Amino acid sequence: MRIDLHTHSRVSDGTDSPAELVAAAAATGLDVVALTDHDTAAGWPEALAAGTQHGITVVPGMEISTEYGGHSVHLLAYLLDPTLPGLVAELGHVLAGRSARVPTMVARLREAGIEITLDDVYEQSADAAATGRPHVADALVALGVVGHRDEAFDAYLAWGRPAFVDRYNAPLERIIPLVTEAGGVSVIAHPWGRSRRHEPTERQLAELVEIGLGGIEVDHQDHGPAERSALRAIAKNLDLVTTGSSDYHGTGKTGHPLGVNTTDPAELHRLLERAATASAAAGRRTPEVVLPC
Ligand code: AMP
Ligand code: ZN
Ligand code: FE
Ligand code: FE
């Protein structure tokens, strides 16, 4: 069984529609794929319908933008009821913060001499729940200013670059209990990815387990072999589920093809058990997943 538990569609900052993404996952030989758009469940119905059509199991999830100790942490939440009011409020706050900074980013780019308008950006985010930096990057590509999203980030949008504008992230310690309350399971995405080497520490992860953290994503393109084995050892100590994924964004992110990393079927079973326990305790209607075997 081949399982990829972290992907993005056009409902956030991927380039495939949810149905296209699920079809591509089936075509590449995956048996299970999770749709985990940033801060939204809006793509779930389309992805689930496409899963039935293409004979692939779709796990509904989302990747929530949080902060912990002053740093950004991406939290994958699976099989939760996305209508829990406290969660809806937090996601709304994050999505609003994402969109609110777009005019400032456009103004900064114009100050840098680039003739870009707000409409150029909104054209790129028409299917998305919110407009983010990747859509500004896509507008810069469409205008011929840069050749690819990566270049737009490197030159203008990354932290410390001229058009970078910060935004709201939800407190991780508030979100983990809300995910449990919504009957879902929390898994920290690429915990040691990007510039954050070896943080959160094992001690911090142990504290997060106390408030309900269920797993960590170990096999991700942002982790080298040393990080992966260290994270696996920590997961064993803390009884955390370990996952693997592509973090696929269609053509929006290079080096992240579907299935490039996968999740061990035994780990998916543990994740589903934790989801069932959380769902029973929450007494809420949560998505159900039937595995191919
Ligand atoms: P935002 O949430 O609007 O600040 O945008 C952040 C998102 O942009 C991340 O979740 C990534 O999906 C994407 N991203 C960040 N850095 C890059 C990069 N260098 N190239 C392409 N996409 C990126
Ligand atoms: Zn993304
Ligand atoms: Fe992420
Ligand atoms: Fe992601």
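In this predicted model, the zinc ion (ligand 2) is coordinated by protein donors from D13 (OD), D13 (OD), H38 (NE2) and H249 (NE2), at distances of 2.0 to 2.6 Å. Along the chain, the donors of this ion conform to the spacing D-x24-H-x210-H. H38 belongs to strand β2 (residues 32-38), whereas H249 is placed in the loop between β8 (241-244) and α11 (265-282), so the two histidines tie together parts of the chain that are 211 residues apart in sequence. H38 and H249 are both buried, each having under 20% relative accessible area. The iron ion (ligand 3) lies 5.8 Å from the zinc ion (ligand 2).

The open space of the protein was examined next. The largest pocket encloses about 1,400 Å³. Its lining comprises 43 residues, and those nearest the centre of the pocket are S72, H74, R133, F153 and R194. By residue class, the lining of the largest pocket is made up of 17 charged, 15 polar and 11 nonpolar residues.

Both strands and helices contribute to this lining. Strands β3 (57-68) and β4 (71-78), together with helices α6 (133-142) and α7 (149-157), each provide at least two residues of the lining of the largest pocket. At the level of domains, at least three lining residues come from domain 1 (60-93 + 169-282), and at least three from domain 2 (102-157).

Note on methods
Residues numbered from 1 in each chain as written. Chains lettered and ligands numbered in written order. Predicted model: local features only at pLDDT ≥ 70, side-chain atom pairs only at ≥ 80, totals over all residues. Heavy atoms only, no water. Donors = N, O, S within 2.8 Å, 3.2 Å for Na, K, Ca; no water. Helix = DSSP H or I, 4+ residues; strand = E, 2+ residues; numbered from the N terminus. Buried < 20%, exposed > 50% of the residue type's maximum accessible area, 1.4 Å probe, protein only. 1 Å grid on protein atoms, 1.4 Å probe; cavity = no way out; pocket = protein on both sides within 12 Å on 5 of 7 lines; lining within 4 Å. Points joined across faces, edges and corners; volume = space filled by probe spheres on them. Nonpolar A, V, L, I, M, F, W, Y, C, P; charged D, E, K, R; others polar. Domains from an automatic or database assignment.
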